[in-house]
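Subject: Structure for your review

Dear colleague,

I am passing on the structure we spoke about, and I would be glad if you could look it over with the notes that follow.

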Amino acid sequence: MDYCLLLPFTLGISLLWPCFMATEISQTEEVKHPVDSHLRVKRGWMWNQFFVPEEMNKTNYHIGQLRSDLDNGNNSFQYKLLGAGAGSIFVIDERTGDIFAVQKLDREERSLYTLRAQVIDGTTGRAVEPESEFVIRVSDINDNEPKFLDEPYEAIVPEMSPEGTLVIQVTANDADDPSSGNNARLLYSLLQGQPYFSIEPTTGIIRTSSKMDRELQDEYWVIIQAKDMLGQPGGLSGTTSVLIKLSDVNDNKPIFKESFYRLTVSEAAPTGTSIGKIMAYDNDIGENAEMDYSIEDDSQTFDIITNNETQEGIVILKKKVDFEHQNDYRIRANVKNRHVDKQLLKYHVEASSTLIKVQVEDEDEPPVFLLPYYLFEVFEGRPHGSFVGTVSATDPDQRSSPISYSMTRSKMFNIDDNGTIITTNALDREISAWYNLSITATEKYNVQQISAVPVYVQVLNINDHAPEFSEYYDTYVCENADPGQIPQIFEKSANTGNS
């Protein structure tokens, strides 16, 4: 390649570039080089710039030529190169002043080298001119693809968000020179994620482009491409993935799995007994799936509570049941979410309900006496086998077992299978006026079913004792006693209580 002289140094050294870069300038004006270089004359020396494309694979790439205008071609001048990179990255032909790059240069590692040139007279070994400083700039090529920052990307957006909702912003970086054409000017595009998401080409902001239902799909993988050269053909690109998760909103009401439940309860079950569970299903999760159960008709017999861990409804007995009185119940249960935002009430207008049939199971209950206690009266002195009274007990169960009666440890009374109490000895009120008895009723079909009732027997008095003096009396009277005078008062007693 031929080279052309651009400008002589004031002191005699010239810089030569390839002809296609050459521009003539005067000694006193400033010039801008076609590839962003400039030349300026100052105090008798010239400051110059060379431009070298980075990543050149050519060995000994020719950069330019230094030439002193004092060099008459007799080959006595020697050109020297000094400064960072001289001799290792850049070399100079000492005879011709041609400068070469002997290594590939990477602008992203270093974009500027400052060197010094010197001309030596080979015969004398002395400098012909003072050192002259110049710059070699590494010009950018598009050799770096965009790289995304802060990977991996993950974002959360509420389900059912309106179109255009901001999701996340991704950012890529291009190591090329942003001032060199479009090498580092990026455009973002969506490779995967349509039609649910879109991306702003210049900002990398991802937005929703349609409403999404978490219950249908709860996460999406979106692939984003960043391409330099403003996306033009030949540009380099980089990609990244964004995991976008949909957070739950309470857009589903709980619904019963079954429209009918059949439960049973024993009539012997105490109040507070759990008699069964019912279950509603909610497609939402977390707090949005928490629910409360209730009895629709405000039942006096049953209630329902929520197991907060399993979200099951537990049906409990609020009042004891009696098979003989009512052997089945029909109740309706409702369910609704515990937490509902006002703007989501439209999804919860009508609560889900289910029918529960509760069957009461008959239990073999002990006999029941007609009275809680019995009080009988009988006159003393009645003969053996006299009637005192009758107690009665019945089996409350449907099979109505016959009842047998018994009396515990009594020598004065007895009871037959009909519940009739009779005397077994003569009663004397003066010995005992009251008797406390315990009567037991036992089912003949199940002797384990036993009930007892207290019986109180009062012995009534009869006039069965003549009066008797309580002691022997010796009575005296004065001889001069007046007529009608009472000498002594006599007392008598009787077991009857009469005087």
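To begin with a single residue, Ser-401 is buried, because its relative accessible area is 3%, and buried here stands for anything under 20%. Please keep in mind throughout that this is a predicted model. Ser-401 lies in the loop that connects β32 (393-394) with β33 (403-407), and its side chain comes to 3.3 Å from the backbone nitrogen of Lys-444.

A second residue to look at is Glu-361, which belongs to strand β28 (residues 352-361). With a relative accessible area of 38%, Glu-361 counts as partly exposed, since that class covers the range between under 20% and over 50%. The C-alpha atoms of Glu-361 and Ala-268 are 8.6 Å apart in space, although 93 residues separate the two in sequence.

Turning to the sheets, I would start with the one made of four strands, which is open, has the order β13-β20-β19-β16 and shows mixed pairing. Its edges are formed by β13 (153-158) and β16 (187-192), each of which pairs on one side only. On average, and with direction ignored, neighbouring strands of this sheet are turned by 35° against each other. Within the sheet, strand β19 (residues 219-227) and strand β20 (residues 237-247) run antiparallel and are joined by nine bridges; if you want a place to inspect this pairing, Gln-225 stands opposite Thr-239 of β20.

There is also an open sheet of three strands, arranged in the order β14-β18-β17, in which the pairing is antiparallel. Here the edge strands are β14 (166-169) and β17 (197-199), and each of them pairs on one side only. From one strand to the next, the twist averages 25°. Three bridges link β14 to strand β18 (residues 205-208), the two running antiparallel, and Gln-169 has Ile-205 in β18 as its bridge partner.

Finally, on the surface, Tyr-373, Leu-375, Trp-434 and Tyr-456 make up a nonpolar patch of about 440 Å². Of these residues, Leu-375 can be placed in strand β30 (residues 374-379).

When you open the model, which backbone atom does the side chain of Ser-401 reach? It is the nitrogen of Lys-444, at 3.3 Å, and I suggest viewing that contact together with the loop between β32 and β33 in which Ser-401 sits.

With best wishes

Methods:
Residues numbered from 1 in each chain as written. Predicted model: local features only at pLDDT ≥ 70, side-chain atom pairs only at ≥ 80, totals over all residues. Heavy atoms only, no water. Patch = residues over 30% accessible without salt bridge, like charges linked within 9 Å, V, L, I, M, F, W, Y side chains within 5 Å. Areas by Shrake-Rupley, 256 points an atom, 1.4 Å probe, with all protein chains shown as cover. Salt bridge = Lys/Arg side-chain N within 4 Å of Asp/Glu carboxyl O. Pairing = 2+ DSSP bridges. Axes fitted to C-alpha atoms, helices over the stretch in contact; angles between N-to-C directions. Buried < 20%, exposed > 50% of the residue type's maximum accessible area, 1.4 Å probe, protein only. Polar contact = N/O pair within 3.5 Å; in protein donor to acceptor, adjacent residues only side chain to side chain.
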